[in-house]
Amino acid sequence: MKVIQLIDTALCKGCGSCVEVCPMDILRIDTISGLAKIAFLQECQTCYQCMVVCPTDAVSVCPRRKKIPMPFNYKMEDDENG
Amino acid sequence: MKLESSGSIFTKRGRIAKDNTIDTDLLVIGSGLGGLWSAWAALDSGLNRVAIVDKCSIGESSQSKMSAGATVYCTKRDPFDLWFKELVEQQKYLSRQDMVEDMLKTSGQLLEKQKEWGLWYEKMPWGSPTLHVGGTKNLKMHVLPRYKGIGGGGAIVNVIKDQVLAKGGEFYSKVMITGLLHSQGKVCGAVGVDRMTGETLTFKSRGVVIATADCSFGNTGCIGHSTGDGYKLAYDMGARLTNMEFWGSNTGSPQYSFESISDTAANFGCRFYNNKGQYFTHKYTSAGDKAEPFKIAQAMADEAENGGGPPYYFDMRSLAWRLGYQLVLKRKMTGFVTQMFEELKRQGIDPFERPMEWVPLMRTIRGGIRTDMNCMTDIPGLFAAGTAQALDPNGLNGISTVRAMWSGQQAGRQAARYINGSYDIKATGVDNLSEARSLAVKPLKNSGAIKPVEVIGLIQMIVFPYNISLKKDSKSLLMAIRAIRNLKSVMEIELAADSPHELSKAHEAMNMTLTAELYLTASLLREESRGDHYREDYQKTDNKNWLKWINLKNGGNGNIATEIEPVPLNKYKLDYRGG
Ligand SMILES: Cc1cc2nc3c(=O)[nH]c(=O)nc-3n(C[C@H](O)[C@H](O)[C@H](O)COP(=O)(O)OP(=O)(O)OC[C@H]3O[C@@H](n4cnc5c(N)ncnc54)[C@H](O)[C@@H]3O)c2cc1C
Ligand code: SF4
Ligand code: SF4
């Protein structure tokens, strides 16, 4: 699974813009360091909004997206009849 | 690539009283094009206080912003009658023709207004700013919007966002609305939770516009946050929803965020292959690769039954497409596809070099909240705009944005009119304030064992199988209805959240569960095939019996009340004259 990969703490200035724009509520400002952190990685949707908004190029998002639900992955079967 | 943002994205809060209450004339929920145009129109019509609330960032996280921003505007030079006919036909005669007519007729004015505000459209190499809408013969859309150095959806969002700010609209970001307030049968505000702190906020208003978009069931297109929230808000209040059996399908890459581009690309000579390297779409649809996106998705399902896939491939090596896309990529676009291209390029991957694996993808529910021409729902004081509102069952590229602008403007103006003539809420009091506030945080108080992300995974397992999504049949639908109801009853006891983040996800899970139930119920009722709705056991379009809308509403005790309403074609401009 590939999603948001990295927030470079050497570059991050803690402005909070990435936290603000993330539609999936993945990011937070760390209370101790005051810098951005990835808090809920699994729910990232690879939409790049955090990367676009970051003023210091601290955010990297991988272009390969996580596995998405697709109709062909499975078929609904009647569990009662096997 | 860096984008300038017009206005600070930290336009966070307006005026909040000590008890976390916000008094306003109008509350607008959702800040995409639908919400922002509502807010602007309400302020322009003389309302003093308009609060716009978004569970993400105002404007910045909406579908509208992530979109390419391609928009159908019918200007004085365009053939209105031809476009109107084509749209109604595309929407399989289930659209609200009165709305479509007004939307198209006034869309040219919307374009002019935005131009006055500084928006402009780039010209294509052939000198025109427009391109054909994929899957249609006549419709054209303006494709490359620009505003203050930004291209794409960000341009059309920021132009209206700046106008709302200039007129004094108050922005509340990161607040998820979880329930509406009512007073003597009228809507009078809402309750929400702050996603950062988990605090409850109360908005007291004299009218509410729902502009929360549709539902993707957490799937593709970077719209995992479109979770049917507005559907549930309206449903809980007793408003009707229509066309919920339509779930838009399209095709795209399973690996990269490359999707919903093939309808436009096919016009530039791009082609689909099956697993044997053969063209196949023409076997199932006469328009072949140039067919509407859902027909390609269905052709993939048919071809699977004949052993031709998956995998399928999409060949984007056509020179015209490559050149066209490079033109787009040179622009600073806000949509995610542009960023993905840049990242691919950085990693040395060229998507135009060889055919890419391609699959059918389910996108968003096409139905929505039923309103009158003024975008008012069945409930006084409650309005709906954008894709949360029911206007047409078949989304077309370029129509979703213009319909959000049109319905937003309509809802805002009518809400202002309604509010100016309505009573003062302070005199009557709110009927359900403590109940709404306690429901807002209920999952935090629950000690159950199921987490929201697990529920979302289960919903996906119920709705995504292809005999539920692409090729439905009654047996599978009944099984899925049983499964979703079981899930709902387990959730009532077991769904728990232990952080503000999980609290908002728990609400999203509940909203998606309801949306799934509405989708399955309407899908089972419509015993025919029409547009995106394909029934394996009723494969033909049945114009004799099914030129009808299916309306759903809260029937109490956990039941959905259903109503079948003939489309009033005799009152509409275009009647169906086929067999
Ligand atoms: C990638 C992509 C490309 C597209 N390209 C095009 C195109 O080129 N042309 C076209 O016509 N259409 C396109 N579309 C579709 C079109 O952009 C949308 O249908 C349209 O913009 C929807 O506008 P809206 O105002 O209804 O919703 P949105 O713009 O999605 O706004 C809804 C807002 O409501 C907020 N919200 C939701 N629930 C709550 C809640 N409970 N509380 C508070 N806030 C909430 C959301 O966070 C969001 O900001 C595209 C869509 C995508 C995703
Ligand atoms: S890529 Fe999108 S979902 Fe993932 S962290 Fe960034 S903004 Fe959030
Ligand atoms: S936007 Fe960039 S600088 Fe600002 S908090 Fe996020 S990572 Fe840090």
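This report looks at two ligand surroundings in chain A and one sheet in chain B of a predicted model.

## Around ligand 2

Let's start with ligand 2, which has 13 residues around it. Coming nearest are four cysteines and a glutamine: A:Cys22, A:Cys44, A:Cys47 and A:Cys50, plus A:Gln45. As for the make-up of this shell, 10 residues are nonpolar and 3 are polar, with no charged ones in the mix.

## Around ligand 3

Ligand 3 has 14 residues around it. Here the nearest are A:Cys12, A:Cys15, A:Cys18 and A:Cys54, joined by A:Gly16. Sorted by class, the shell has 9 nonpolar residues, 4 polar ones and 1 charged residue.

## The sheet in chain B

Over in chain B, four strands line up as an open sheet in the order β1-β12-β11-β10, and the pairing is mixed. At the edges sit β1 (21-23) and β10 (175-183), each pairing on one side only. Going from strand to neighbouring strand, the turn averages 25°, ignoring direction.

Strands of a sheet pair through backbone hydrogen bonds, and they can do so parallel or antiparallel. For β11 (residues 186-194) and β12 (residues 200-204) of chain B, the arrangement is antiparallel, with 5 bridges joining the two. One pair to look for is B:Ala190, whose bridge partner in β12(B) is B:Phe203.

## A helix on the sheet

Which helix packs on this sheet? That's α18 of chain B, covering residues 500-525. Helix α18 touches β10 and β11 of chain B, and its direction makes about 60° with that of β10(B). So the helix's contacts include β10, one of the edge strands.

Conventions. Residues are numbered from 1 along each chain as its sequence is written. Chains are lettered from A and ligands numbered from 1 in the order in which they are written. This is a predicted model: local features need pLDDT of at least 70, side-chain atom pairs count only at pLDDT 80 or more; totals for chains, interfaces and linings use all residues. Side-chain values use heavy atoms; hydrogens and water are left out. A residue is near a molecule or strand if one of its heavy atoms lies within 4 Å of it. Ala, Val, Leu, Ile, Met, Phe, Trp, Tyr, Cys and Pro count as nonpolar, Asp, Glu, Lys and Arg as charged, and the others, Gly among them, as polar. Two strands pair if DSSP finds at least two bridges between them. Axes are lines fitted to C-alpha atoms, for helices over the stretch in contact, and angles run from 0 to 180 degrees between N-to-C directions. Contact means heavy atoms within 4.5 Å.
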